[in-house]
Every structure is written in C-alpha cells, then in structure tokens.
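Welcome, and thanks for taking a look at this one with us. Below is a short briefing to read alongside the model.

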Amino acid sequence: MEKKRWIGKRDLWLLVILLAAGGIGMLILFLRPDTVDGEVEIAVSGTIVETLPLSEDTRLVISGANDGENILVIEDGKAYMESASCPDGICVRHTPISKDGESIICLPNQVVVTVRGGEKRDVDAVA
C-alpha cells in the first residue's frame with residue numbers, strides 16, 4: 001500500500017509563489033518613503049493668500065486682520081509661527097507642523113496656516 005503525500009509538488013510551488021509575492025509586497029510597503037512633497041496654505045480671514053512648499057526654507061511676514069502681523073518660518077520641512085502681534089501668542093507656542101491636515105491658527109489676526117500633503121499622519125483610531 002502506497003502512502004499518500006500530505007502536500008503535492010504543485011501545492012508546494014503555489015505556496016512558494018504566494019510567499020514570495022507577499023514578501024515583495026511587504027518590502028514595497030516598508031521601503032517606500034512616508035514623506036510627500038507638501039505645501040503650506042496660508043489663509044487670512046478665510047481667503048487663501050499664499051501657498052508655499054515645505055521643501056524650501058522661507059521666512060514670510062503675513063498681514064492679518066485688524067492690522068495684525070505674523071511671521072511664519074519654514075525650516076527643514078516644518079512650519080512654525082516665529083512671532084505674532086496678537087496679545088496671547090498661542091500660535092507662537094504651537095509646535096512646528098509638517099503632517100497633512102495640521103494647522104496653526106491665530107484667531108486675533110484671523111490667520112490660518114495648514115499643511116497640505118506632507119508627512120502622513122499617524123493612525124489615531126482603534127480598529
């Protein structure tokens with residue numbers, strides 16, 4: 001009586017091909033860069049006044065509402081508010097932004113700085 005194999009040669013080849021394809025797919029996912037060339041969108045009183053690339057170091061004076069003034073700095077792919085004429089200065093104390101959708105808001109001067117594109121955001125949900 002002949003013993004039957006648990007796995008045949010064709011099954012073994014199929015398994016090897018599927019494992020190789022999965023390995024290649026994982027390499028592509030892990031080796032691709034997480035950063036994308038992003039840009040900073042600057043809005044005053046709800047109107048976009050300027051769009052700047054995150055990849056270029058820049059220092060920009062923004063004329064806000066009520067004769068307010070903000071100074072935006074873009075360095076090393078991150079944007080931050082260097083100074084502001086507003087009384088509270090919350091926007092100046094905000095951490096630098098570089099991820100898609102992050103914003104710095106100066107309410108007294110009605111200035112909103114938002115990143116479009118840029119680094120991917122970390123997952124902030126539980127599945």
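## A well-connected valine

Setting aside neighbours within four places in sequence, V113 is in contact with V40, E41, I42, L72, M81, I97, E102, S103 and I104. Please keep in mind that this is a predicted model. The bullets below start from V113 and its core, then move through the sheet, the cysteines, the charged pairs and the loops.

**The nonpolar core**

- V113 belongs to the largest nonpolar core, which has 19 residues.
- Within that core, V40, I42, L72 and V113 touch the most other members.
- Three of these four names come back in the contact list of V113, which includes V40, I42 and L72.
- Strands β1, β3, β4, β5, β6 and β7 each supply at least two residues of this core.

**Overall layout**

- The protein chain has 2 helices and 7 strands.
- Along the sequence, these elements follow the pattern α-β-β-β-β-β-α-β-β.
- The protein chain has 127 residues, and buried residues make up 26% of them.
- Taking contacts between residues at least 6 apart in sequence, 30% join residues at least 24 apart.

**The open sheet**

- Four strands form an open sheet in the order β2-β1-β7-β6, and their pairing is antiparallel.
- At the edges sit β2, residues 47-53, and β6, residues 103-106, each of which pairs on one side only.
- From one strand to the next, the twist averages 15°.
- Strand β1 (residues 39-44) and strand β7 (residues 111-116) run antiparallel and are joined by 6 bridges.
- One bridge partnership to look at is that of V44, whose partner in β7 is V111.

**Two cysteines without a bond**

- How many disulfides does the structure hold? The count is 0.
- Why is there no bond between C86 and C106? The closest cysteine sulfur to that of C86 is the one in C106, and at 3.6 Å it is too far for a bond, because a disulfide needs the two sulfur atoms within 2.5 Å.
- The view from C106 agrees: its closest cysteine sulfur is in C86, 3.6 Å away.
- Both side chains are out of the way of the probe, as C86 is buried at 9% relative accessibility and C106 is buried at 3%.

**Salt bridges**

- As a reminder, side chains of opposite charge can pair when their charged atoms come close.
- In this model the count comes to 2 salt bridges.
- R116 forms a salt bridge with E41, with the closest N and O atoms 3.5 Å apart.
- This pair links distant parts of the chain, since R116 is in strand β7 and E41 is in strand β1, 75 residues apart.
- Is each partner buried or exposed? R116 is partly exposed, with a relative accessible area of 39%, whereas E41 is buried at 19%, a value that falls under the 20% limit for buried residues.
- E41 also appears among the contacts of V113.
- E82 forms a salt bridge with R59, and here the closest N and O atoms are 2.6 Å apart.
- E82 lies in strand β5 (residues 78-84) and R59 in strand β3 (residues 58-63), so the pair ties together parts that are 23 residues apart in sequence.
- E82 is partly exposed at 34% relative accessibility, while R59 is exposed at 53%.

**Loop residues to inspect**

- N109 lies in the loop between β6 and β7, and it is buried, with a relative accessible area of 4%.
- Beyond its neighbours within four places in sequence, N109 is in contact with V44, G64, A65, G68, E69, N70, S85 and C86.
- That list brings back two residues met above: V44, the bridge partner of V111, and C86, one of the cysteines without a disulfide.
- For backbone angles, the background is that most residues other than glycine have a negative phi.
- D67 has a positive phi, near 60°, and lies in the loop between β3 and β4 (69-75).
- D67 is exposed, with a relative accessible area of 80%.
- D76 also has a positive phi, near 50°, and its place is in the loop between β4 and β5.
- D76 is exposed as well, with a relative accessible area of 69%.

Methods
Residues numbered from 1 in each chain as written. Predicted model: local features only at pLDDT ≥ 70, side-chain atom pairs only at ≥ 80, totals over all residues. Heavy atoms only, no water. Buried < 20%, exposed > 50% of the residue type's maximum accessible area, 1.4 Å probe, protein only. Pairing = 2+ DSSP bridges. Axes fitted to C-alpha atoms, helices over the stretch in contact; angles between N-to-C directions. Contact = heavy atoms within 4.5 Å. Salt bridge = Lys/Arg side-chain N within 4 Å of Asp/Glu carboxyl O. Core = buried A, V, L, I, M, F, W, Y, C linked by side-chain atoms within 4.5 Å.
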